[in-house]
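Please open the model in a viewer and keep the sequence panel visible beside it. The stops below proceed from pockets to sheet to cores.

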Amino acid sequence: LCTLAHMGCAPSKAVEVEVKDDGQASAEGWRKYVDEQLVAKGCGAGLIVGMDGTLWAKSAGTSLQQYVAVAPAEDGSKPKVAVDELAGLVEYVRTGQKPEAGLRVHGTKFVVTKGPEKAGPVPFLVYGRAQKAGVCVAAAKTCIVVATYNEADKKRPTMPGDTNVAVENLAKYLLEQGF
């Protein structure tokens, strides 16, 4: 077992994750990062995706979906395009070019309000907004940290500042650990 070290807005307790022989944390271990370093820090939902296009972990009720959406073009036409949110996120981080259908997570299209940019040691950082909801995406070396917030959620409103800090801190920590 290894212990998640103290980070900027640190957990009240250390997160222990099982590390397999190949040096990768178990799926259960990654889920602890999502639950304790994103959701418990004020994010509405979170996930960690590998740069190889695999889903490492996600919070309850979160998904990256595949579907067909209308993607208005510059010429005014409204073609339908296939959306693969997972592949789109990975490609966006790799190339810096938004997917054809835009930045989408959990079936929601977010307008990019800032980024992509480099933020300190974090090589890719982007913020997006959709009415009173938003997303923060940050990349480490081998993975992408994504979290959403929803200010209008009546049961558990979450805020952009908390989400952005949690995502950036987790991505920075994972980068420092070689991920």
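Which element gives the most to the lining of the largest pocket? The answer is β11, with three residues. Before selecting it, note that this is a predicted model.

**First stop: the largest pocket**

Select Gly44, Ala45, Thr148, Tyr149 and Asn150, the residues of the lining that lie nearest the centre of the largest pocket. The full lining comprises 15 residues, and the space in this pocket amounts to about 310 Å³. Two elements, β8 (108-119) and β11, give two or more residues to the lining. Colouring by class shows five nonpolar, eight polar and two charged residues around this pocket.

**Second stop: the second largest pocket**

Next, select Pro72, Lys98, Glu100, Gly102 and Lys109, which lie nearest the centre of the second largest pocket. Its volume is about 190 Å³, and 13 residues line it. Here β8 gives the most to the lining, with four residues. By class, the lining of the second largest pocket has eight nonpolar residues, one polar residue and four charged residues.

**Third stop: the sheet**

Switch to a cartoon view and follow the strands in the order β4-β3-β11-β10-β9-β8-β7. These seven strands form an open sheet with antiparallel pairing. At the edges stand β4 and β7 (103-105); each has a single partner strand, so one side of each is left without a neighbour in the sheet. On average, neighbouring strands are turned by 25° against each other, direction ignored.

Within the sheet, select β8 and β9, an antiparallel pair joined by five bridges. To inspect one position, pick Lys114 and locate Tyr127, its bridge partner in β9.

**Fourth stop: the nonpolar cores**

Which residues have the most contacts inside the largest nonpolar core? Select Trp30, Leu38, Ile48 and Leu174; these hold that place in a core of 24 residues. Two or more residues of this core come from each of α1 (27-38), β4 (55-58), β9 (122-130), β10 (133-139), β11 (143-150) and α3 (160-176). The largest share, six residues, comes from α3.

Apart from this core lies another, which has 20 residues. To find it, select Leu89, Tyr92, Ala133 and Val135, which are among its members.

**Last view**

Finally, display β11 alone and trace its roles: this strand lies between β3 and β10 in the sheet order, gives two or more residues to the largest nonpolar core, and gives three residues to the lining of the largest pocket.

Note on methods
Residues numbered from 1 in each chain as written. Predicted model: local features only at pLDDT ≥ 70, side-chain atom pairs only at ≥ 80, totals over all residues. Heavy atoms only, no water. Core = buried A, V, L, I, M, F, W, Y, C linked by side-chain atoms within 4.5 Å. Buried < 20%, exposed > 50% of the residue type's maximum accessible area, 1.4 Å probe, protein only. 1 Å grid on protein atoms, 1.4 Å probe; cavity = no way out; pocket = protein on both sides within 12 Å on 5 of 7 lines; lining within 4 Å. Points joined across faces, edges and corners; volume = space filled by probe spheres on them. Nonpolar A, V, L, I, M, F, W, Y, C, P; charged D, E, K, R; others polar. Pairing = 2+ DSSP bridges. Axes fitted to C-alpha atoms, helices over the stretch in contact; angles between N-to-C directions.
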